[in-house]
Structures are given as C-alpha cells and as structure tokens.
Amino acid sequence: MGWRDKAATTFETEKTPVTAAKGMVVANHPLASAAGMEMLAAGGNAVDAAVAALFMVTVVEPAMVGIVGGGAALIRTAEGEEVVIDGMCAAPMAAREDSFTPLGQSWPASAETVGRKNRIGAQAVAVPGNLAAWVHAVERYGRLSLADVLEPAISRARRGFVISPYLAFDIDQKLPDVLNDPGLREILAPGGEALGVGDRLVQADYAATLEVVAREGAGYLHGGAFGQAIADHMVAAGGFLTLEDLTAYEVIERAPVRTSYRGHEVIGVAPPCSGGVSVAEILNILQGYDLAALGYGSPEASHLIVEAMKIATADRDAHVGDPAFHEVPVARLISKAYAAERRAGIDPARATPLAAAHGSTESKNTTHVTAADGDGTIITTTQTINSTFGACVVVPGTGAMLNNYMYIFNPLPGLATSIAPGKRVTGNIGATIVTKEDRPIYALGLPGSYKIPSVVAQTLVNLIDHGMDVQEAAEAPRLFAKGPVVEVERGFDAALIPALRQMGHPAEPMDSIAGCMGAISFGQDGAMTGASCWRADGVPMGSGGGPARTGVTFWPDPDKRTKPA
C-alpha cells in the first residue's frame, strides 16, 4: 500500500528527478547545476561542485545571493564526519540596538523601520560572510583550486546569459529601488529600461571582480581593495560597515544539531541558524503521533503539523540567537522530554491560540545547493543577500550586490535577535542530512525565510512517514503557521481549508509557500536521485558514467595487434 491509498490529497509532480551513481548537483538554476557538474568532471568533490554552483548563482540569479552576503553549509565528509560552516552576516561594530526606529511594537509592524533604513541602502548592509566561507570550504574540504571553482562564473558573467521569467519578475518587482541606485541601475536597467525575459545580461565589472578573487582569495574583500571600495562607499552614504569590520570577520566551524526520528538520525545546522533546532523540535513533537495512518493532507494530520510548527516558531523567536551573545538552550529545545511537555498541550481536535510572534524578516529570495559525489562527500548549503537584490546597492565598478542582512535583526530591544555590535544574524537555514545506521539517506534544503524549518520538517514527514519518493516529497503541497494566518498551498484538497477553519485555524489559501527544495536521496546500491520543485528554476544534474574499462583503447597498436581488414 502506497501513500496515495491513505492520502486525503494527491498530486502529480511537475519536474523530473535524475538518478546517477557518480555525483549529483541540485541548484536553483541550470547553469549553476552545470557549473557544479563541471567541477565533478574535472576531478573535484561535492564541496567544489557546490561552491562553483554558488558562484554561478551570484551571476545568473543575482537577486538571490552574492559574495557580499551570508549563509551556512552542512558538510558530511567522505569519512562520515559532519560539520557546519557558519558564514552568517554580522552587525557592524557601529550598529546599536536602537540604530533603527520600528514602525510598531509588535510583529509585523515592528519589523519595518522609519525610512526603510534597515531594508534599503547603506545602513542595511551587514558584515558579509559568504565569500570567506566559500573560500574556506574549498580550501579545507575541496580538491580543486579557487581559480578552478570560479572559472565557470567568471566566464558566464563576461559572456552573459538569457534572463528567465523568474529573474525578470524579480527585477520588475524591485524596479523603483533598482533605478534609485546608479550601480544597480547600470546592471539591471541600462538607460532606465528594465531588462526583461529573453534579454541578455552581461556583467563585465562583476567578472573582473571575480577574476581578482580567484587570484587573491577572500582577502580581496576582507581587508583588500574590494573591501576598501565597499567601506568607502558605505561611509559616504551613512552606513555602518567599515574596513575594520570586514578585516575582523571570521568563519566559524560548528558542531551540528542532531535528533532522531523513527529510526533515522536528522542532522542540521546549529545556532545562530535556527533551522536545526526548529526541525528537531517539530519532528520530536510529531513523533508522538501516527501520521502515516492519518494520511497525507488529512485535516487531522495537518492540524497536528500546524500545532507543532506554532510551538517551534514561538520557541525559536524566544530563545534562538547568536550563542556568543545569548545562551541558547539547544539541549532542552531538542530533547524528547521537552517535546513530550509541548505535545501534552496540543488538543488533537482544536487549535490552540497562536503565540505572540517577534517576527523575522529574512527573505525567501535566497538560494540553495545540495551536492554529493561518488566518494561520499555531501554538502547542503543555503546562501543569500537576504531580500531581492539585498540592500539594492552596488558599489560602482565592482558589479557586486550588497546584502541587507540588518533587516533580519529585530529593531526592538531586549530580544535574542536584537542588534548588538558584532552579533551574527539569526537565519532560519534548514540545511539537513538524514542518516540511518550511519548511512546517508537524504540531503536537502531550500530558501524561504522563517518558513524553511517547517517545510524541511514536512518534507521529512513526507519521506519517512508517508513513504513518498524524493520528487514527490519536494513538490508536495505545504502548510505554514506562524501567525495570525495558517497558510495552505492551493495544491491541497479543497476540503482542507474549511476543515481547518472548523478546528479553529484561521486558514487561507496561498499560491506557494517558501522556495525551491533541492534534495538528494541515496539508495543502498550507491545510486543518488536528485529532485527540485516547481517553486523556482531548480534543476538536478547527475553523473552516471565513468572511465573506460581498464586496458581498452579505441584503436589497437598495429605493432602489437593485428589491424582489422
């Protein structure tokens, strides 16, 4: 009996999975997946592939991610060790708890500030970590040189590419802010006319910047001429970021967060990222219910998932922050005993009141790459400049778009996510690896702001409880609850929303929830299946071939063998 036999909602997948044995790259643009596959073909490993894909995404999806952004990666080495690479952005030393004036004292009004200064412009720019983290990952865990890994992105930036509807929509959506910045306008709206679908985007300045990065490494930004240009621009525009901030930034390696779920070990990123904690808490709560028997998309199962989400998001808002500034009770939040306490407060037939939310303003305009190679190295990594085109600022002559990660900090004082000099932002990155008996089973992640952990947890429920294949699990309709509305993707059966409302949930339909899932499942025979969903331009690419059989040549040597007649 399959999951469809018990489901209240069924659906058909829109994209096609890819299965291969030698390597897999799943990125949110086909050119990015291709760049990763080029690294595998050149003798690199999954880390080289993922970083090459990320550099390429900065070219072909510049709204989503850039080298002056932040993010985190979860790596499992070929030897079976897991590590989190923390490249999250940090508040500049000149930033203060009261640097911005919020428009209200409760979410969502509290997330916005007077003049949008935490969202657009120089004051929105935090200390970046992406470039430093990507270089660190390649140098410590990859096989290829930084120059090798950067080559595809440099070439594509110089030669250009055709703009997809996805990118064209992003440009149109932010056009007033694009036109307001001379550097950004030159790239995306030359002559004041926005580039559209089918236009070719060439980024010569950015290609030149990446060429120097290939030679000088992260030091070009963190203390070098590139960093000086950014710092000078920030000071002139009234921003907080300085060259000293850039020079002082350090990549941190952290131990991942771990929990168990129905015989599987679930491994996630650690604070300041909240994903590992929130995914673990949601799954621990749900482990007390027979979700498989209730069926995918049933009102009963959906109600329990929504209640678990509400609990985990409230705990995240209250407790998760930069551990260097705030004691995060990770062990308690991910414990089975705490999950039992929280589960006891769930009415199986009625919604509990939504907890007050502090809110998060991390954007779904992020990217994700999941990659694996035939030797056992796996990486799942989420990276961003936060909002669409970040702070909508480009330092003239560099082509690099700056982050607006200050928008993630809560402008209200006294919270785990309030601003403090040097504090790292609390992102909701949910990069996850699942093992069973120490063998990799799944690796996945996605963009989507504060919705990421809830979607990751649902995807794992789809895989483990319902037995969906990886393509089905990636594309399955999603739920989300934070407050005040319970969001229900339109792909669910029409009866679900009225049923949830009857149970007390303020449910509303949504076209989509969060971003494009990038997932890989691992078979016992060594085969990998990559999947990407319809919510962005994601494409899985795999390598299934290999070298010629030993001793085989195309044409025998006539001195040693008889040439065919």
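So, buried here means under 20% relative accessible area, exposed means over 50%, and partly exposed is in between, using a 1.4 Å probe and protein chains only. Keep that one in your heads, because strand S10, residues 366-373, is mostly covered: 8 of its 8 residues are buried.

Before I go on, the housekeeping. This is a predicted model, with local features needing pLDDT of at least 70 and side-chain atom pairs counting only at pLDDT 80 or more, while totals for chains, interfaces and linings use all residues. Residues are numbered from 1 along each chain as its sequence is written, and side-chain values use heavy atoms, with hydrogens and water left out.

My helix and strand labels are DSSP runs numbered from the N terminus, with helices being H or I of at least four residues and strands being E of at least two.

Okay, back to S10. In general, side chains in a regular strand alternate between the two faces of the sheet. Which residues of S10 sit on each side? Thr366, His368, Thr370 and Ala372 are on one side, with Thr367, Val369, Ala371 and Asp373 on the other, and all are buried.

What does S10 pair with? Pairing, by the way, needs at least two DSSP bridges between two strands. Strand S2, residues 23-27, runs antiparallel to S10 and is joined to it by 4 bridges; there, Gly23 has Asp373 as its bridge partner. S10 also pairs with S11, again antiparallel, over 7 bridges, and Ala371 is bridged to Ile379 in S11. S10 and S11 make a hairpin with 4 residues between them, and Gly376 in the turn has a positive phi of about 110°.

Now follow S11, residues 378-384, across to strand S3, residues 70-76: these two pair in the antiparallel sense over 7 bridges. Ala73 stands opposite Thr381 in S11. S3 is mostly covered too, with 7 of its 7 residues buried. Gly70, Ala72, Leu74 and Arg76 point one way, Gly71, Ala73 and Ile75 point the other way, and all are buried. So yes, that includes Arg76, for anyone thinking about charges.

S3 also runs antiparallel to strand S4, residues 82-87, with 6 bridges joining them, and Gly71 has Gly87 as its bridge partner in S4. The hairpin of S3 and S4 has 5 residues between the strands, and in it Gly80 takes a positive phi near 90°.

Staying with S11 for a second: the loop between S11 and strand S12, 432-436, holds Thr426. Is Thr426 buried or exposed? Buried, with a relative accessible area of 9%. Leaving aside its neighbours within four places in sequence, Thr426 is in contact (heavy atoms within 4.5 Å) with Pro272, Ser274, Val320, Gly321, Asp322, Ile408 and Thr417.

On to helices. You describe two packed helices by the angle between their axes and the distance between the axes. The axes are lines fitted to C-alpha atoms, for helices over the stretch in contact, and angles run from 0 to 180 degrees between N-to-C directions. Under 35 degrees is roughly parallel, over 145 roughly antiparallel, 65 to 115 roughly perpendicular, and the rest oblique.

First pair: H5, residues 146-159, and H9, residues 204-216, pack at about 170° with axes 8 Å apart, and are therefore roughly antiparallel. Among the residues making the contact are Leu150 and Ile154 of H5 and Leu210 and Val213 of H9. By class, that contact has 12 nonpolar, no polar and 2 charged residues. For the classes, Ala, Val, Leu, Ile, Met, Phe, Trp, Tyr, Cys and Pro are nonpolar, Asp, Glu, Lys and Arg are charged, and the others, Gly among them, are polar.

Second pair: H12, residues 275-286, and H17, residues 452-464, pack at about 45° with axes 9 Å apart, and are therefore oblique. The contact includes Val279 and Ile282 of H12 and Val456 and Leu460 of H17. Here we get 9 nonpolar, 3 polar and no charged residues.

Last stop, an open sheet of 3 strands, in the order S14-S15-S16 with mixed pairing. S14, 479-481, and S16, 507-510, are the edge strands, each pairing on one side only. S14 pairs with S15, residues 486-489, in the antiparallel sense over 3 bridges, and Leu479 has Val488 in S15 as its bridge partner. Helix H14, residues 299-319, packs on this sheet, touching S14 and S15, and its direction makes about 40° with that of S14.
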